[in-house]
Amino acid sequence: MERYSLLLAYFTVSLTILSFPFFSHAVQSKRTWKNVGNYTVAEKKSIEKFKNMMGTELYSDFMRTDQYLIRWIRDQKFNLPDAKLKLLRSLKWRKENRIDTILEEDYEKILRLCPFDLSSRDKIGRPVLTINFGSCQLRKIGLFGDLNTLRRALYHAAEEMVTILNIAQQDERSNISDGITIGDAYGFSLREQGCIRCFPLIGELLILYEEHYPEYLYRAFVINMPRIAETVLTFVLPFLSEKTKSILRIYGYNKAEWSSELLKLIPADQLDAQFGGTKKSTNRTISSTRTTPQPKSLSRQA
């Protein structure tokens, strides 16, 4: 936890990478498996051992499935004691923040001040979460005293994406095991986003996926990154795992460069014009753009 305490000290970086997951330079991921349901004999043995180690701490049927447990095992490079400690920390976080029921909460009002969208899919069906963090009115949110509401709204977005993936994994025909995030920094300004009370919150978002949703991201793009933010980024990279760095793609204002990369993965009709696509713009809130019924968290015991 020490490295995360140090990380929060570099609060200014939070404005550069609000797309939680969120973080890195173009380093190709070495992960080759397509579906977390494909296990080797050694992996299967590790899963069973890990399941026994966790015991009754796994409080839902889904948490006891192979596809859930293997993510924590792979994330810790098959060090089962470390995987157990990390999962226990995450389960405690879920309980303290009522994550298992968060999808039942409504954040449309607060999200008008910080636009999100989770209605798009990439070429093989991965969910795509876009965040216009350059347009987030963090100062106004801070003045209104709604920082905790914004925090929960962001938890809501992460949990919804992960639940979509978990549901997909229940289908043996599915080849989807991770998602994509796109954070757009266009419009960023210190005057609007320079909310001192917001900095610790953004620091939390930076480690959200790495700590609580391992192996759930395929790519995390940050586009229209200001130069001032690029400078601060150098302070953050040492605190991130190599696995997290490998999924990150950071781009400046060259739209031709980053839009071509986005379109390699995502159809044009699934991207708004601001991202180089042809999709009709939405209201950009999680709840209003959902195209399927709201999923229930699979972490919850039926």
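This is a short talk through the main features of one predicted model.

Hi everyone, thanks for coming. Please keep in mind throughout that we are looking at a predicted model. I'll begin with the sheet and work outwards.

The sheet is open and has five strands, in the order β1-β2-β3-β4-β5, with mixed pairing. Its edges are β1, residues 116–121, and β5, residues 248–250, and each of these pairs on one side only. From one strand to the next, the twist averages 15 degrees. As a quick reminder, strands of a sheet pair through backbone hydrogen bonds, either parallel or antiparallel.

Let's take the β1 end. Strand β1 is joined by four bridges to β2, residues 127–131, and these two run antiparallel. Together β1 and β2 form a hairpin, with five residues between them. If you look at the turn, you'll find G125 with a positive phi of about 105 degrees. Across the pair, D117 stands opposite T130 in β2. So is this edge strand enclosed or not? Five of the six residues of β1 are buried, so β1 is largely enclosed by the rest of the structure.

Keep D117 in mind, since it comes up again with a lysine. What does the side chain of K279 make a polar contact with? One partner is the side chain of D117, at 3.4 Å. The side chain of S119 is another, at 2.7 Å. K279 itself sits in the loop between α13 and α14, the latter being residues 286–289. Is K279 buried or exposed? Its relative accessibility is 15%, so K279 counts as buried. Leaving out residues up to four places away in sequence, K279 touches D117, S119 and S120, and also a run of others including A268, D269 and Q270.

Now over to β3 and β4. Strand β3 covers residues 179–184 and β4 covers residues 217–223, and they pair in the parallel sense over six bridges. Here T181 stands opposite A220 in β4. A220 also gives us a link to another lysine: the C-alpha atoms of K245 and A220 are separated by 9.4 Å, although the two are 25 residues apart along the chain. K245 is found in helix α12, residues 242–246. With a relative accessible area of 18%, K245 falls under the 20% cut-off and is therefore buried.

Lying across β3 and β4 is helix α13, residues 255–265, running at about 155 degrees to β4. Which of its residues are buried? They are W258, S259, L262 and L265. These four cover an arc of only 120 degrees around the axis, which puts them on the same side of α13. The buried residues of α13 pack against β3 and β4. On the other side of α13, A256 and K264 are exposed. The N-terminal end of α13 is capped by N254, with a side-chain oxygen 3.2 Å from the backbone nitrogen of A256.

Next, the aromatics. The model has six aromatic pairs. One of them is Y213 with Y216, an edge-to-face pair at 6.4 Å centre to centre, with 80 degrees between the planes. Y213 counts as buried, at 3% relative accessibility, and Y216 counts as buried at 3% too. Both belong to one aromatic cluster, formed by W93, Y155, Y209, Y213 and Y216.

Two more stops before we finish. The first is helix α3, residues 66–75, which is mostly covered: 10 of its 10 residues are buried. Those buried residues have some charged names among them, including D66, R71, R74 and D75. Just after α3, K77 takes a positive phi of about 55 degrees.

For contrast, have a look at R227 in helix α11, residues 227–236. R227 has a relative accessible area of 72% and is exposed. R227 and Y253 are 26 residues apart in sequence, and C-alpha to C-alpha they are 9.6 Å apart in space.

To wrap up, here are three places to revisit on screen. Start at the hairpin of β1 and β2, then go to K279 with its polar contact to S119, and end at α13 lying across β3 and β4. Thanks for listening!

Conventions:
Residues numbered from 1 in each chain as written. Predicted model: local features only at pLDDT ≥ 70, side-chain atom pairs only at ≥ 80, totals over all residues. Heavy atoms only, no water. Pairing = 2+ DSSP bridges. Axes fitted to C-alpha atoms, helices over the stretch in contact; angles between N-to-C directions. Contact = heavy atoms within 4.5 Å. Buried < 20%, exposed > 50% of the residue type's maximum accessible area, 1.4 Å probe, protein only. Arc of directions from axis to C-beta. Polar contact = N/O pair within 3.5 Å; in protein donor to acceptor, adjacent residues only side chain to side chain. Phe/Tyr/Trp six-rings, centres within 6.5 Å; stacked < 30°, edge-to-face > 60°.
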